[in-house]
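Take a moment with the model below. We will walk through how some of its helices pack, then look at its empty spaces.

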Amino acid sequence: MAKRDQFASKIGFILAAAGSAIGLGAIWKFPYMAGSNGGSVFIFLFILCTLLIGLPILIAEFMIGRRGQADAVTGMKKQAPGTPWFITGWLGFIFSAIILSFYSVVGGWILIYIWKSVTFSFTSDDPNVYTQIFTDITANPWEAVIAQALFMMLTIGIISGGIQKGIERASKFMMPLLFIFFIILAIRSLTLDGSVDGLKFMFVPDWSAFNGETLLVALGMAFFALSVGVAAMMTYASYLDKSVNLVSSAVNVGWMNIGISILAGLVIFPAVFSLGFEPSSGPGLVFIILPAVFQQIPLGSIWMIIFFVLLLFATVTSAIAMLEIVVATAMGPKTEKRTKYAWLCGLGIFIVGIPSALSFGKLSDVTIMGKSIFDFADFITSNVGMPIGALLVSIFAGYKLTKKDQLEQLNVAPWLLTTWRILVRYVAPIAIVIVFIQGIRG
């Protein structure tokens with residue numbers, strides 16, 4: 001039996017974990033959620049909820065994962081033998097597979113947009129033109145499925161390389177570039193005439209936008225953004241040795257996630273305001289509004305290529321985390337068969353995702369609970385799976401593990417341990433239940 005792989009360095013682990021969190025949530029979902037929910041007030045609440053609720057759960061997942069030193073299912077069995085707590089790992093397995101099944105569809109769209117950007121197929125500055133382009137891309141069954149397959153092959157290829165040569169190496173390459181080029185794009189956006197209105201929208205509070213719904217949306221976004229609740233962070237932390245400080249690692253992942261989200265806003269909102277578009281344009285902000293925005297900027301085609309390549313980086317780093325959960329659970333201790341399980345699991349997830357890819361065209365009339373197949377997969381994972389998983393994690397870490405176990409893993413000052421215990425035992429579970437109830441109500 002091959003020795004279980006581990007991250008070679010703390011920075012490699014942090015970048016991989018940050019990559020898992022920094023996906024479509026930070027670059028695609030965060031800007032349009034902020035744009036639709038009051039801008040600055042939403043951003044303030046998002047940061048607050050990330051620090052008070054997201055981070056304690058992230059630390060809990062790190063703790064459980066490293067303590068288990070195995071895939072999520074086996075790790076939970078080792079820590080709570082003879083109990084049903086291992087179901088938490090299986091839930092992570094199931095919901096991660098579902099997430100990747102529709103996530104890969106969006107990844108395919110991004111590949112198509114990169115190709116169209118590189119071939120300079122985008123020339124109009126009219127959002128209506130890009131609305132039609134987006135509709136045509138998503139409705140074309142062959143284009144959507146082939147692009148989805150290419151994205152899954154890229155993800156499988158990285159996972160097949162293992163932790164150090166696959167996940168860690170890809171994260172060390174992609175994440176620094178993500179930050180560097182986003183800073184460049186943000187500076188370019190801020191040089192546009194009228195960009196100050198975008199800055200005001202992001203950083204000057206409009207307290208009239210503060211209400212219970214905005215708080216719940218921000219809470220849900222913070223929860224979603226850190227990729228907690230599906231055993232991703234638990235699985236990554238299982239490849240760590242005891243010398244890595246879990247609390248500082250979690251804090252680093254948290255600020256990187258917040259940082260990329262803010263940078264995404266600095267890229268998008270100044271440009272949107274400068275050129276007279278609406279910040280509340282919804283999910284189409286990235287695929288419909290931004291291409292039109294870039295066409296009105298000098299060398300806009302080049303900036304567009306850079307943006308969609310960055311979006312691909314962010315999407316891939318999240319996708320490899322989802323696939324790693326599934327592969328690690330499926331192969332168990334048979335680490336020498338990683339490549340085989342990566343391709344088998346990846347192929348299975350690709351097949352499961354085909355209906356989502358076709359739900360904008362051939363299967364557009366098929367609905368589940370009034371939602372398209374794609375939207376239902378998103379709903380069942382974001383609104384049901386992730387909250388349940390995060391709730392189980394917070395309860396297990398807060399109540400099942402003893403104070404001695406917690407202190408041994410976290411190695412922090414007593415007051416900091418007490419603060420974390422209060423947050424993970426009381427504050428986080430209540431917040432999760434509220435988000436869950438709000439989420440299933442739709």
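How are α5 and α6 oriented to each other? They are oblique, a label for angles that are not under 35 degrees (roughly parallel), over 145 (roughly antiparallel) or 65 to 115 (roughly perpendicular).

First, some ground rules. The model is predicted, so local features need pLDDT of at least 70 and side-chain atom pairs count only at pLDDT 80 or more, while totals for chains, interfaces and linings use all residues. Residues are numbered from 1 along each chain as its sequence is written, and side-chain values use heavy atoms, with hydrogens and water left out. Helices are DSSP runs (H or I, at least four residues), as strands are (E, at least two), numbered from the N terminus.

Back to the helix pair. Helix α5 spans residues 87–118 and helix α6 spans residues 127–139. Their axes come within 11 Å and cross at roughly 125°. Axes here are lines fitted to C-alpha atoms, for helices over the stretch in contact, and angles run from 0 to 180 degrees between N-to-C directions. The crossing of α5 and α6 is right-handed: the near helix is turned clockwise from the far one by less than a right angle, where anticlockwise would be left-handed. From α5, the contact (heavy atoms within 4.5 Å) takes W109, I112, Y113 and K116. From α6 come Y130, I133, F134, I137 and T138. Seven of these residues are nonpolar, one is polar and one is charged. Nonpolar covers Ala, Val, Leu, Ile, Met, Phe, Trp, Tyr, Cys and Pro; charged covers Asp, Glu, Lys and Arg; the others, Gly among them, are polar.

Next, turn to α3 and α10. Their axes come within 8 Å and cross at roughly 50°. That makes α3 oblique to α10. This crossing, too, is right-handed. In α3, residues including F42, L45 and F46 meet residues of α10, among them T214, L215 and V217. The contact holds 12 nonpolar, two polar and no charged residues.

A third pair is α7 (residues 141–160) with α14. They pack at an angle of about 60°, with axes 9 Å apart. Their crossing is right-handed. By class, the contact has 11 nonpolar, two polar and one charged residues.

Now for the empty space. On a 1 Å grid over the protein atoms alone, a pocket is an open set of points with protein on both sides within 12 Å along at least five of seven lines; a cavity is a set where a 1.4 Å probe fits but cannot get out; lining residues have an atom within 4 Å of a point. Volume is the space filled by probe spheres set on the points, which are joined across faces, edges and corners.

The largest pocket holds about 1,200 Å³. It has 45 lining residues, and K29, Y32, D378, S382 and N383 lie nearest its centre. Helices giving at least two residues to this lining include α1, α2 and α16. The lining has 27 nonpolar, 13 polar and five charged residues.

The second largest pocket has a volume of about 170 Å³. Its lining includes L51, W420 and L423. Here α3 and α18 each give two or more residues. The lining counts 10 nonpolar, one polar and no charged residues.

Finally, there are four cavities of 30 Å³ or more. The largest cavity holds about 70 Å³. R188, S189 and W303 are among the residues that line it.
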